[in-house]
Every structure is written in structure tokens, then in C-alpha cells.
Amino acid sequence: MTIAADAGTVRARPVQTWLAIWAAALAIVLAMFLARSVVPWTVNYPAWAVVPVDDWISWLMNWLKVNLSWLTRSITAVFGVPLDFALDLLAKNFKIGTGADAFTLPRLSWVGIVAAAFLAGRAFGGMRLALLSGGLFLYIALFGKWTSAMLTLGLIAIAVPFCIATGLFVGIWAWKRPWVEKYLVLPALDLMQTIPTFAYLIPMLLLFGNSPVSAMIATAIFATPPMVRATMLGLARVPTEISEFGEMAGCTPRQKLWRVLLPSARPTLMVGVNQVIMLALNMVIIASMIGAGGLGYDVLLALRALKVGEAMEAGLAIVALAIALDRLSQAAARRQSEYHGELTDGQSFWVRHPNLTLAAILLIGTTLASLAISFFADVPKAITFTTAPAWRIALNWITVNFFDVIEAFRVFLILYVLNPVRAFCEGFPWLGAVFLLGLAGWQFGGARLALLVAALTAFCAMVGLWEKTMATVYLTGISVVVACLIGIPLGLAASRSDRFEKIITPFIDTLQVLPSFCFIIPVVMLFRVGDVTAMIATVAFAVVPAIRYTNHGIRQVPPALIEAAVVSGCTRRQTFWKVQLPLALPEIMLGINQTILMALAMIIICAMIGTRDLGQEVFIALSKADAGRGIVAGLAIAFIGIIADRLFNAWSARARARLG
Amino acid sequence: MTIASQETPVVAGKSKDSRPIKLACRNVWKLFGSGAQDFIRRRDGKASSAELVEAGLVGAARAIDLEIRQGEIFIIMGLSGSGKSTLVRCMSRLVEPTYGKVEFEGKDLLSISDAELIELRRHRMGMVFQNFALLPHLNVLENIAFPLSVQGIGRAEREARARDVIDLVGLRGREHFYPRELSGGQQQRVGIARSLATKPEIWFLDEPFSALDPLIRREMQDELMRLQSVLKKTIVFITHDFDEAIRLADRIAIMKDGEVIQIGTPEELVVKPATDYVAEFTRDVQRAKVISARSIMRPAGKGQHAGTVSPDARVASFSAEIIAAKKPFAVASGAGKPIGEVTPEAVINLLAGLDNRGAPA
């Protein structure tokens with residue numbers, strides 16, 4: 001790395017000192033390992049000293065369950081009303097009355113919803129978007145996934161407004177009071193976003209039972225952080241002058257916030273809304289384990305029965321829904337008012353909102369029609385088709401023809417890559433890890449960071465999860481390395497060729513909106529269950545930030561600097577190695593940081609396909625509804641993420657400071 | 001120049017103006033750093049640069065004393081970092097001064113309540129910003145009507161009033177455009193219209209034309225003069241462009257490192273710069289456009305006069321005639337007795353830049 005070399009020549013002494021320190025530290029850890037028969041407690045955390053945090057949490061959860069049942073019941077009841085309404089409206093039909101004189105009001109007709117999706121696309125982004133979103137909804141209908149997809153959509157439709165409102169208010173609060181931001185909101189956000197999604201489900205399951213409401217609450221908690229961040233960022237980015245204008249116009253503080261600052265922050269807020277929608281979709285799929293139903297449940301059932309074709313089909317419906325929601329919300333965010341005519345009160349509603357009016361008419365019309373004509377009520381069997389057999393045939397063909405190749409690849413990976421690394425990681429002395437990570441924290445960020453990192457590492461050992469923690473670290477680590485080996489060169493290529501960037505952008509955009517579940521399905525088809533599958537799915541999921549940040553980092557190097565390099569006679573290669581790469585390095589490191597966090601999230605989900613790590617721990621806890629065990633494992637996972645995040649950020653901040 | 005100050009005497013820039021004082025700063029300080037307030041209070045509002053450095057404080061505005069009179073265009077001029085923006089924000093209380101008083105019609109702005117301040121800003125102050133500060137989600141009409149809307153004025157009335165100022169700044173036909181669809185000059189017209197919609201008495205313009213390119217800037221300066229000739233606001237105008245300052249100003253305050261180093265009419269600054277720093281600024285000014293007949297006249301001689309000029313007439317306004325006439329002009333206000341005379345030689349010397357220190361007779 002040129003930057004290391006440069007730094008070495010400029011500031012030779014500190015670097016050499018650190019080298020010596022690191023050499024000594026590694027020697028100590030090696031000694032620890034060699035002496036493991038004499039002092040075994042440095043390698044394996046002694047069982048008698050395990051702190052029973054999981055029992056404490058279980059006790060607390062039970063106490064909450066017993067003493068707060070009035071609260072959880074009323075929350076369930078309150079949220080149940082709009083949720084049931086949305087689910088009835090979109091998927092289940094309204095049932096009024098009971099027994100013999102019950103009658104059913106129909107749900108919204110699928111024809112109407114497809115038309116509405118089409119019109120929404122037209123309103124937000126023109127004909128192309130209209131065809132895309134209408135087509136994707138039609139696809140869902142024709143592939144027989146309509147009811148499942150609408151259950152999923154209904155949950156999202158209720159969870160998302162809730163997330164947006166909560167996120168907005170918390171974001172405003174944090175923006176107004178720096179101490180709230182620093183000591184309350186930011187740590188909470190970090191934890192919320194690094195605790196694996198599964199771990200959320202357990203307390204929800206305990207408190208709210210196996211129901212769509214607990215799925216919705218888990219979704220809301222998971223999907224709110226980006227809105228909080230977007231609100232804080234958006235408000236902080238409003239130009240000072242705009243805020244000063246608000247004051248000079250004589251706004252009261254409330255007027256200033258709601259009529260000047262928030263509207264000015266709209267673009268950033270809309271990015272947050274888009275992220276909320278996508279995260280909610282992702283979580284709703286995962287929350288199918290605690291009663292959300294819908295598309296996620298279809299995937300889950302199919303995967304459990306190893307019906308790969310069906311899983312693939314449901315997965316593709318999720319993909320269709322994800323792309324439609326993403327493109328629609330992005331277009332809505334970009335859309336800007338361009339109406340130049342006179343607005344008068346006399347003008348009728350439909351002239352001003354033609355698409356909305358037409359959508360409403362179509363929805364009502366087709367839904368009324370569905371009372372009489374069954375075509376509108378349910379997607380007729382005759383026009384749906386299934387691709388499951390086709391997937392099965394394709395899979396069989398691949399298995400028959402390529403079994404040897406795939407198997408050889410798999411076995412090679414397991415024997416020569418995965419197993420050695422695993423053995424190394426699991427045999428790593430916990431005390432050594434605490435020591436080395438603490439040292440890294442000290443070098444990059446001083447005593448406070450060192451203390452934090454060491455304490456978090458020690459937590460993982462002290463709750464008795466050391467081996468599983470290291471199993472997680474091993475799989476995540478390998479996946480991250482592979483993802484970077486693939487992603488960074490792709491990002492570099494994209495940064496150096498506009499054409500390549502254009503080709504690759506739609507792919508990474510799509511990869512990014514897919515819920516994590518979807519990555520597992522095709523890989524399972526080829527590699528069956530196990531660590532190899534987990535690794536490949538994780539790489540596919542986590543490769544995007546590596547590509548994106550690398551590309552962006554290289555491209556944001558100021559053109560003036562590149563011109564200066566060219567003028568001083570650098571070749572293209574020299575310009576790249578001596579100017580672009582060093583300047584882009586902090587950004588690339590942030591990309592790697594993101595890759596690590598995403599890989600960690602994915603590895604945990606891969607517990608579904610039989611990995612033996614912290615994810616498995618959470619998964620078992622979920623099936624046993626053992627809150628303590630699940631939450632402690634979840635915290636351990638979160639801490640791995642936080643350690644990596646803090647170290648990378650500290651390093652990146654230092655590099656930035658050095659570059660000025 | 002359309003708005004040459006009426007009877008402002010050359011020598012003392014502030015004393016004999018009879019117009020009431022609209023806004024005054026009395027020993028205003030804005031210091032950044034911890035314990036700034038204690039520091040300046042303990043010293044009773046006096047501190048030297050060395051003392052500030054020693055206390056680890058940064059003085060964005062230091063010991064500012066100035067009085068702005070009703071209806072005048074008062075320009076605060078300084079390079080970036082000189083504290084001019086901070087000063088104007090202290091005057092409008094966008095920034096809370098660390099020490100001192102800001103008096104609006106004799107009332108201390110710093111002691112009024114938040115509600116009073118809001119009331120004051122709603123009805124009596126207007127501000128135009130360097131980067132326009134238009135609200136991106138509102139169209140031109142809504143942007144201009146916005147200050148009225150926060151006052152709770154009904155839609156029909158506020159739009160009618162907004163349309164009046166739209167006509168005033170020449171934006172008719174663009175009412176329903178959004179800021180991003182307008183050029184920089186047009187955006188600033190919206191900014192000006194918006195700040196005028198509330199009919200303010202005092203008008204803060206913070207580098208309003210600095211973000212515009214030179215041709216548009218000039219056009220907007222003319223536009224401002226036209227507006228001022230109709231509206232007669234009290235204007236506090238910030239700029240870093242000395243040419244702009246002398247073009248527009250009744251009086252100019254020159255700032256450096258947070259201090260006002262000289263206040264005076266453009267002519268005073270050119271003729272009697274208080275420091276080398278001021279002299280440096282004024283060096284490239286077209287002096288004939290700034291200096292008045294009074295400054296280069298000598299006691300009237302016995303000889304014939306080819307014409308008569310007013311003592312406040314800028315030399316540039318009669319230079320061609322006097323050089324063509326090759327004879328001195330009498331200097332007299334109205335039909336009164338001449339108080340002196342201007343010779344063609346003096347004018348030529350001025351035009352040729354031979355009187356570089358320009359000491360008046």
C-alpha cells in the first residue's frame with residue numbers, strides 16, 4: 001500500500017514503534033496459545049466464571065411479561081385495529097358478524113391494485129415506471145402469490161407510516177438537543193442496527209405473542225433508525241441562510257421547524273423514507289417466523305421442506321415487490337412540483353390529480369365488480385402459472401450434469417479454506433483477542449476506544465459464547481475478504497470506465513433492494529445447506545457497498561488534483577496509485593466497514609441453513625422462546641459489529657485527518 | 001449619482017445629519033471561545049487584541065460603535081473574515097452579541113423578549129441573503145407570501161400583497177415558477193421581493209449580489225437604487241466589493257479583524273483614509289466619481305467663471321465641461337455667493353491621478 005509506505009518515510013519513528021509493539025503483542029498471544037495446557041483459562045473462558053446474563057434477561061423478560069401484560073395487551077389491541085383493517089382490505093376480505101348471518105365485504109380487487117400501481121408509476125415517473133410497477137404487480141398476481149404478497153404489503157403499509165412518524169420525532173428531538181443525540185440516540189441507533197433481526201423477534205414473541213402485531217412492532221423497531229438518521233442529517237444540512245431566513249421572517253420556533261427547515265430537508269428525508277420502506281420489507285419477510293405470514297412464510301415453509309422451486313418462486317415475488325416499492329418511492333422522492341398554471345379553488349379535484357382520481361375510481365369499481373364477478377375477486381386459477389417445476393427441472397439438470405464440479409468446489413472450499421480458518425479462529429485465546437483488539441483501539445482512537453473494544457470483546461467471552469462468537473467471526477471474516485476481493489476490483493473498474501459503471505449500476509441497485517432472505521434460495525439450490533452456502537450468499541449480499549464506495553471514493557477525488565498529477569508527468573498508473581487510491585482510501589475503508597456489517601447481518605440469517613455460530617444460538621432461542629439466550633447472543637453479534645465499526649471508523653477518521 | 005447625500009459635510013461623517021437614528025451599535029462585542037462573556041464583562045467592555053489572544057478568544061466583532069440614520073444606505077465593507085456578517089447578524093439578533101447594546105429606535109434589542117423580537121422581525125425588519133435562501137418547495141408567489149403567511153394573514157390578502165412586490169421587482173409572469181427554475185438574478189429578485197413584502201423599515205442586505213456574475217450584479221445595483229428612490233428604507237448593506245460600496249453608499253464602515261476602522265462617506269474614505277489599509281482599498285477607485293467640487297476647490301479668485309457647480313457635485317459630472325471651457329467654475333450652493341472655485345488644472349490633476357493623497361485646499 002503506497003499510503004503506508006508514504007507514511008513510513010514521513011513519520012518513520014511512530015510507525016516503527018507501533019510495529020515493535022505489535023510484534024511484541026503477537027508474541028505474547030502466541031505464548032498464551034503455546035502455554036494453553038498450563039493456563040487453559042486464557043484460551044477457553046472457564047465455565048465456572050461465566051456470567052449468567054442470559055438468566056438475568058430471561059428473569060427480566062418474565063417479570064415484564066407478568067407485570068406488563070395489561071400494557072402489551074392494550075398495545076396489541078390498539079395496533080391490531082389498523083393492522084387488521086389493512087390486512088382485510090388488501091388480502092383477507094372483511095368479515096362482519098358471526099355465525100349464520102355473517103357476510104363478507106370483499107377485499108380490494110387485484111385488478112384495481114395492479115391498475116393503481118400502474119397509475120402511481122405514471123404519476124411519479126412517467127410511462128416507463130408505470131409499465132414497470134404495473135408489470136411487477138401483475139407478475140405477482142399471475143404467479144399465484146397475490147394473497148401472500150398483499151399480506152406482506154398490508155403489514156408494510158401500516159408499519160411504514162408509524163416508522164416515519166417516530167423517526168421524524170426522534171430525529172427532531174436529537175437534532176434539538178446535542179446531548180440527546182450523543183448519549184441517547186446515536187448509541188441506540190448503533191445497537192438497533194447491529195443487533196441481528198432475529199434477536200428482535202424473541203422479546204416481541206414473548207410480549208406480544210405469535211401474531212401480525214408482534215411482527216409489525218419488530219418491523220417498526222428495525223426500520224425506524226434510517227428515518228431518525230435522515231431527519232438529523234437533513235436538518236443539519238439545511239443551509240444556515242435558510243434557517244436565518246426563517247428567523248428573520250418572524251417564524252415562531254415551531255413555524256420555523258415545520259414550515260422552513262423540514263420542507264427544505266425534504267430530499268434527505270425522502271431518502272430516509274425509501275430506506276424505511278426497504279428495511280420494513282426485509283423485516284416483514286423475516287418476521288414471518290413470528291406470525292407475519294405472507295411471502296416470507298411461503299419461503300420459510302418451502303425452505304423447511306426443501307422445496308427449492310417453490311422457495312424460488314416466492315423469493316422472486318419478494319424481489320418483484322421490492323423492486324416495485326423501491327422504484328416507486330425513489331421516483332416519488334425525486335418528483336418535484338412543476339405546475340405553473342394558476343391554482344384556483346374553483347378547479348375540480350380531478351383536474352389537479354387525474355391519476356389519483358382514476359386510481360380511486362378503478363379500485364372502487366373493480367372491487368364492487370368483484371361482488372358479482374369472481375374474476376375481479378381472486379386471480380383466476382386459469383391464468384396463473386407456476387414456474388416451480390421449471391426450477392426443479394433446471395436444478396435437476398444442473399445437479400446431474402455438474403454435480404462433480406460443484407461438489408469438488410464445495411469440498412475444496414471446506415477442506416482447504418473454511419476448516420483451517422475455523423480451527424484457527426475457534427482456538428484463538430479469548431484473552432489474546434481482548435488484548436489485541438484493545439491495542440488496535442488504543443492505536444487508532446486512544447484509551448477510550450481501547451477500553452470500549454476490550455470490554456465488548458470480553459463480554460462475548462464472559463457470557464460463555466466465546467467459541468460461537470469466533471465461529472461467527474470466522475464466517476463473516478472469510479465472506480468479507482471474498483466480498484472485498486470481488487467488490488473492490490469491480491468498484492475500481494467502474495470508477496475508471498463510465499461504460500462499465502453504467503452496466504454495473506442496475507445490478508448493484510437491484511442487489512441492494514433484495515431482502516436478505518432471497519440470497520439464500522438460489523445458493524441452497526446449488527450447494528445445499530452448510531457453511532459454503534452461507535458464505536456465498538453472504539458474499540452476494542455484502543458485495544454492494546464494497547463496489548459502491550470504491551467507485552465513489554475514486555470518483556470524488558477532485559479533478560484538480562488529478563490534473564495536477566497529470567501535469568507533473570504522472571502516467572495513468574502512477575496517477576492511480578499515488579493520487580487517486582490514497583485519497584480514496586478512507587472512503588473505501590468505509591465501504592469495507594459497511595460490507596462487514598452487512599455480512600454479519602447475513603451470516604446470522606444463514607443460521608436457517610445450518611451454520612453453527614451465534615446465529616444458530618439465536619435461532620434455537622427463537623424456537624424455544626428463550627429470551628435470555630437469544631438476546632445475549634444477539635448482543636454478542638451486535639458487539640462484533642460495533643467493534644469492527646468503531647475500529648474502522650477511527651482508522652478512517654485518522655486517515656482523513658492526515659489527508660486534510 | 002442619484003442619491004448623493006444631501007447636506008452631509010465632508011469632514012465629520014456623522015455629526016450634522018439631522019435624520020433620526022434608526023439603529024445603533026454601542027460597544028458591541030461578539031467573542032467566540034469559552035468564558036467569553038465573563039471575560040468581556042470583567043473588563044467593562046474593553047479589551048485589546050493581545051488580551052483576547054491571551055484568553056484564547058476570537059473576536060468576530062470588537063467594540064463596534066455606529067449609528068445608522070433613517071433612510072440612509074449604510075454599507076459595511078470588509079474582506080472575508082473581517083466580521084461584517086457577524087456584525088449584521090448581531091444587529092438583527094440572529095447572533096447574540098457577547099457584550100454591548102444594539103438599539104433599534106433607541107430601544108435595546110438585546111433586552112426584548114422573544115415574542116417582541118418575533119413581532120419586530122415580522123413587521124419592521126427585512127433581510128436579503130447572499131445565496132438567496134429561497135424555500136425550494138414553494139413557488140415564487142408562495143415564497144414571497146411566506147413571511148405574510150407566518151403572520152397568519154389570509155391567503156387572498158397575502159397573495160395580493162405578494163403580487164404587488166412581484167410587480168415592483170419585475171417578476172410578473174413568473175409567479176408559479178420554482179426557485180430552481182430561475183436564474184441567479186431572478187432568484188435574488190425573489191429574495192428582495194420577499195423581504196419587502198412585509199414593508200420593513202430597516203432592510204438588511206447581506207452580500208446580496210456577491211453570488212451573481214458582474215453584469216447581472218450591476219443591473220441589480222441599479223435596480224436597488226431605483227427601489228430605494230421609491231421606498232426610502234433604512235438599508236444596512238454588506239459587501240466585500242469596494243466599487244459596489246462606493247456606488248451605493250451614503251456612508252461606509254470599513255471593517256478589519258472584527259473592528260470598524262473607519263466610517264465615512266465614500267469621498268471621505270478616498271480623501272482622508274484613516275489607515276493605510278483603507279488607503280489600499282481606495283487606491284484604484286475612479287476618484288472623479290467620488291470626489292466632490294468642494295474637495296478640490298480653492299478660494300474664489302478675481303477671474304471670470306465659465307460656470308457654476310454645487311459644492312457636492314461629483315467632479316466626474318462636470319469634468320468634460322470644465323476642461324472644454326478651459327476656465328474655472330464657481331462653486332456655490334443654489335444661487336448663493338460662490339464659496340470657492342474649481343480650476344480645470346485641478347480637475348485634470350485629479351483625473352490623471354496626480355493628487356494621489358488628494359489633500360483638499
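**Exercise 1. Two domains of chain A**

How many Å separate the centres of domain 1 of chain A and domain 3 of chain A, taken over C-alpha atoms? Work that out on this predicted model, then describe the domain 1 side of the contact.

*Solution.*
- Start with the bounds: chain A splits into domain 1 (1-38 + 430-462), domain 2 (143-335) and domain 3 (412-426 + 464-660).
- Take the C-alpha centres of domain 1 and domain 3 of chain A, and you get a separation of 22 Å.
- Now list who touches whom: domain 1 of chain A puts in 16 residues and domain 3 of chain A puts in 17 residues.
- On the domain 1 side, the elements giving two or more residues are α1 (2-10) and α21 (430-462) of chain A.
- Of these, α21(A) gives the most, with 14 residues.
- Sort that side by class and you find 12 nonpolar, 4 polar and no charged residues.

**Exercise 2. Does the helix length add up?**

Take helix α5 (residues 110-125) of chain A and check its span against the 1.5 Å a residue rule.

*Solution.*
- The helix has 16 residues. The expected span is 1.5 Å times one less than that number of residues, so α5(A) should cover 22 Å.
- The end C-alpha atoms of α5(A) sit 22 Å apart, so expectation and model agree.
- For its surroundings, count burial: 15 of the 16 residues of α5(A) are buried, so the helix is mostly covered.
- Then step past the end of α5(A): A:Gly126 follows, and its phi is positive, near 90 degrees.

**Exercise 3. Across the chains**

Find which part of chain A supplies the largest share of the side that touches chain B.

*Solution.*
- Count the contact: 21 residues of chain A meet 21 residues of chain B.
- Look for elements of chain A supplying at least two residues each; these are α12 (240-248) and α13 (253-264).
- The largest share, 6 residues, belongs to α12(A).
- The chain A side breaks down into 9 nonpolar, 7 polar and 5 charged residues.

**Exercise 4. Two domains of chain B**

Repeat the domain analysis for chain B, with domain 1 (21-124 + 200-282) and domain 2 (287-352).

*Solution.*
- The C-alpha centres of these two domains of chain B are 35 Å apart.
- Their contact takes 5 residues from domain 1 and 5 residues from domain 2 of chain B.
- Helix α10 (residues 266-271) of chain B makes the largest contribution to the domain 1 side, 4 residues.
- That side holds 4 nonpolar, no polar and 1 charged residues.

**Exercise 5. Walking a sheet**

Lay out the open sheet of 6 strands in chain B and follow its pairings.

*Solution.*
- A bit of background: strands of a sheet pair through backbone hydrogen bonds, either parallel or antiparallel.
- Write the order as β6-β7-β8-β3-β9-β10 (chain B), and note that the pairing is mixed.
- The edges are β6 (125-128) and β10 (259-264) of chain B, each pairing on one side only.
- From one strand to the next, the twist averages 15 degrees.
- Begin at the β6(B) edge: β6(B) pairs in the parallel sense with strand β7 (residues 202-206) of chain B over 4 bridges. There, B:Met127 has B:Phe204 in β7(B) as its bridge partner.
- Check the faces of β6(B): B:Met125 and B:Met127 on one side are buried, as are B:Gly126 and B:Val128 on the other.
- Move along to strand β3 (residues 73-77) of chain B, which runs parallel to strand β9 (residues 251-256) of chain B and is joined to it by 4 bridges. In β9(B), B:Ile252 is the bridge partner of B:Ile75.

Methods: Residues numbered from 1 in each chain as written. Chains lettered and ligands numbered in written order. Predicted model: local features only at pLDDT ≥ 70, side-chain atom pairs only at ≥ 80, totals over all residues. Domains from an automatic or database assignment. Contact = placed C-beta atoms within 7 Å. Nonpolar A, V, L, I, M, F, W, Y, C, P; charged D, E, K, R; others polar. Pairing = 2+ DSSP bridges. Axes fitted to C-alpha atoms, helices over the stretch in contact; angles between N-to-C directions. Buried ≥ 20, exposed ≤ 12 C-beta atoms within 10 Å, placed from the backbone.
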